[in-house]
Amino acid sequence: MTNGPVTQRITDRRPGLMARPFGEGRTMLDKSVATTKSFSSRDLRDALSSFATGVTIVTGVDGKGDPVGMTVSSFNSVSMEPPLVLWSVTKTALSAPAFKDAKNFAVHVLASDQMDLSNRFAKSGQDKFEGLNIQFNDSGIPVLDGALTRFDCRMWATYEGGDHWIIVGEVESMVSQSGEGLVFCGGSYATASSIRGAAMTTDEDNGPIESLLIYNLARAHTQMGANFHEAVAEAGLSVPQWRILASLFGMKTRTLADMVRRTFVSPRKLHNLLQDMHAEGLLTFTEADGRGSVSGTLAGQKRVEHLFELGKKQEEEALAGAASGELEQLLVVLKRIIAQT
Ligand SMILES: Cc1cc2nc3c(=O)[nH]c(=O)nc-3n(C[C@H](O)[C@H](O)[C@H](O)COP(=O)(O)O)c2cc1C
C-alpha cells in the first residue's frame, strides 16, 4: 500500500503535473507490494485471468473439409483499415494445424446464454458440432446460431508466438444481433449485467458484514419478502400457514417430520396450526401410532394459487437485469446450502 504522506504529496502537486519534466515528482515503487520476477506458467495463467475478456468460438475446416472449432478468449481487434482481428491458438490443440493453414475462419462472439456452447467447444477432440444446427457461410466455413456477432474472416497472416500460433484475419463480412455478451474472468463466466450487479453493491458503505453470505441471504429475504408477506396477510394467512399450504401444493401428502423441515415451524406450533387448518378444511391432518400425516386439499390449494403467481412475478422484478442461467445457478447454491446445513 502507498503510505499516507506520499499520496498526499502527489495530490498536492497534481495541478502542475503536466508541466513538470518527466521524472519529477515520481515516487518510488512501494516495496511492501511484492513484484514477481520468477513465476511459473500457472502463476502467469492466474495473473492473466484477472483480465476480463469476451468469449468466442472460432470455426473453420480441416484439410479433409471437416468442421473444426474451439472456444477462444484471446480474440481481439487489430486494425480498422484494413479491418483486421487476431486470436491465438495453442499449438497443442488438435485443431491447431487446421487453423494455422486455414484460408478462412469465422469468429462467433458468444451471447450470455451460450455458456454451454462455450464449454462444449472447450473440450478437446470431441465431435463438437454433433446435434447442432450448422450452416455454412460463403467461404464454406461452418457457422453457429445464436452468437451476438459473427466475423467471417480471410486468413491475413500467422505468426509464431511461443507455444501459440497468432492468427490474424481480415474481416470480410460480419453479422450482429443485439443482446448481452458472455464474459470470462478469473476462470469463471460472467455477464455484463452480473458485473453491473456486483458494482451496485460497491456503491454502499460496505462493512465486513456485507461479505457474509448469511447476512446477504437475510437481507435479500427481508427485502424480497416485504411485499410478498403483505399479500400473504391479505389472503388471511400467516407466513407459517402459507409455508404449510405451499408445501402441500399439488395435493401432496407429507409426514409431520417432513413438514417441520419444509416449513421450519417448531413441532409444537406446527401441530397446533395443522389442527386448526384441518378444522378449516385447508388440509387433512391425521395422527396414528405417534406419526402424523398431512395432505393438501383443493380448498387449501385454491387459497394460495395466486400467491405462487405473485411470488414468480416479484421474483422476476427482483432479478431484473440478471443474465439467463443466473437464477438457476443461485438455486443450485441455495439447495446445496440447504442439503449441507
Ligand atoms: C473461456 C475459454 C477460453 C479459451 N481461449 C483459448 C484461446 O484463446 N486459445 C486457445 O488455444 N485455447 C483456448 N481455450 C481452450 C480451447 O478451447 C480448448 O483447448 C479446445 O478444447 C481445443 O480443442 P481441440 O483440441 O479439439 O482443437 C479456451 C477455453 C476456454 C474455456
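Analyst: Quick definition before we start: helices (H or I, at least four residues) and strands (E, at least two) are DSSP runs, numbered from the N terminus. And keep in mind that this is a predicted model.

User: Fair enough. What pLDDT does the protein chain average?
Analyst: Start with the spread: 86% of the residues score at least 70. Residues 1-21 are another story, with pLDDT under 50 throughout and ten contacts beyond four places in sequence. Where pLDDT is low, the predicted coordinates should not be read in detail. For the chain as a whole, the average pLDDT is 86.

User: How many residues does the largest nonpolar core have?
Analyst: Ile 57, Val 58, Trp 87, Phe 105, Ala 106, Val 107 and Leu 110 have the most contacts inside it. Elements giving two or more residues to this core include β2 (56-61), β6 (104-109) and α4 (115-121). Apart from it lies another core of 17 residues, with Leu 245, Leu 274, Leu 282 and Phe 285 among them. The largest core itself has a residue count of 35.

User: Is Ile 57 buried or exposed?
Analyst: Ile 57 sits in strand β2. The cut-off for buried is 20 or more other C-beta atoms within 10 Å. Ile 57 has 25 such neighbours inside 10 Å, so it counts as buried.

User: What distance separates the C-alpha atoms of Ile 57 and Ser 118?
Analyst: Along the chain these two are 61 residues apart. Still, Ser 118 is one of the contacts of Ile 57 beyond four places in sequence, and Leu 117 and Phe 121 are also on that list. Their C-alpha atoms are separated by 7.0 Å.

User: Leaving aside neighbours within four places in sequence, which residues is Phe 105 in contact with?
Analyst: Phe 105 is one of the residues with the most contacts inside the largest core. Its partners beyond that sequence window are Val 58, Thr 59, Gly 60, Phe 99, Ile 141, Cys 153 and Gly 169.

User: On to the ligand. Which element gives the largest share of the shell around it?
Analyst: Of the 20 residues around the ligand, Ser 73, Ser 74, Ala 93, Ser 95 and Ser 124 come nearest. By class, the shell has ten nonpolar, nine polar and one charged residues. β3, β5 and α4 each supply at least two of them. The largest share, four residues, comes from β5.

User: Which residue in β15 stands opposite Phe 285?
Analyst: Strands β14 (residues 283-288) and β15 (residues 291-296) run antiparallel, joined by six bridges. They form a hairpin with two residues between them, and Asp 289 in the turn has a positive phi of about 50°. Across from Phe 285 in this pairing is Val 294.

User: What is omega for the peptide bond from Glu 81 to Pro 82?
Analyst: Pro 82 is placed in the loop between β4 (76-79) and β5. The bond leading into it from Glu 81 is cis, with omega near 5°.

User: Is Met 251 buried or exposed?
Analyst: Met 251 is in the loop between α7 (239-247) and β13 (253-255). Its phi is near 55°, a positive value in a residue other than glycine. The cut-off for exposed is 12 or fewer other C-beta atoms within 10 Å. Met 251 has 12, so it is exposed.

Methods. Residues are numbered from 1 along each chain as its sequence is written. This is a predicted model: local features need pLDDT of at least 70, side-chain atom pairs count only at pLDDT 80 or more; totals for chains, interfaces and linings use all residues. A nonpolar core is a set of buried Ala, Val, Leu, Ile, Met, Phe, Trp, Tyr and Cys residues joined through C-beta atoms within 7 Å. Two residues are in contact if their C-beta atoms, placed from the backbone, lie within 7 Å. Two strands pair if DSSP finds at least two bridges between them. A residue is near a molecule or strand if its C-beta atom, placed from the backbone, lies within 6 Å of it. Ala, Val, Leu, Ile, Met, Phe, Trp, Tyr, Cys and Pro count as nonpolar, Asp, Glu, Lys and Arg as charged, and the others, Gly among them, as polar. pLDDT is the predictor's confidence in each residue, from 0 to 100.
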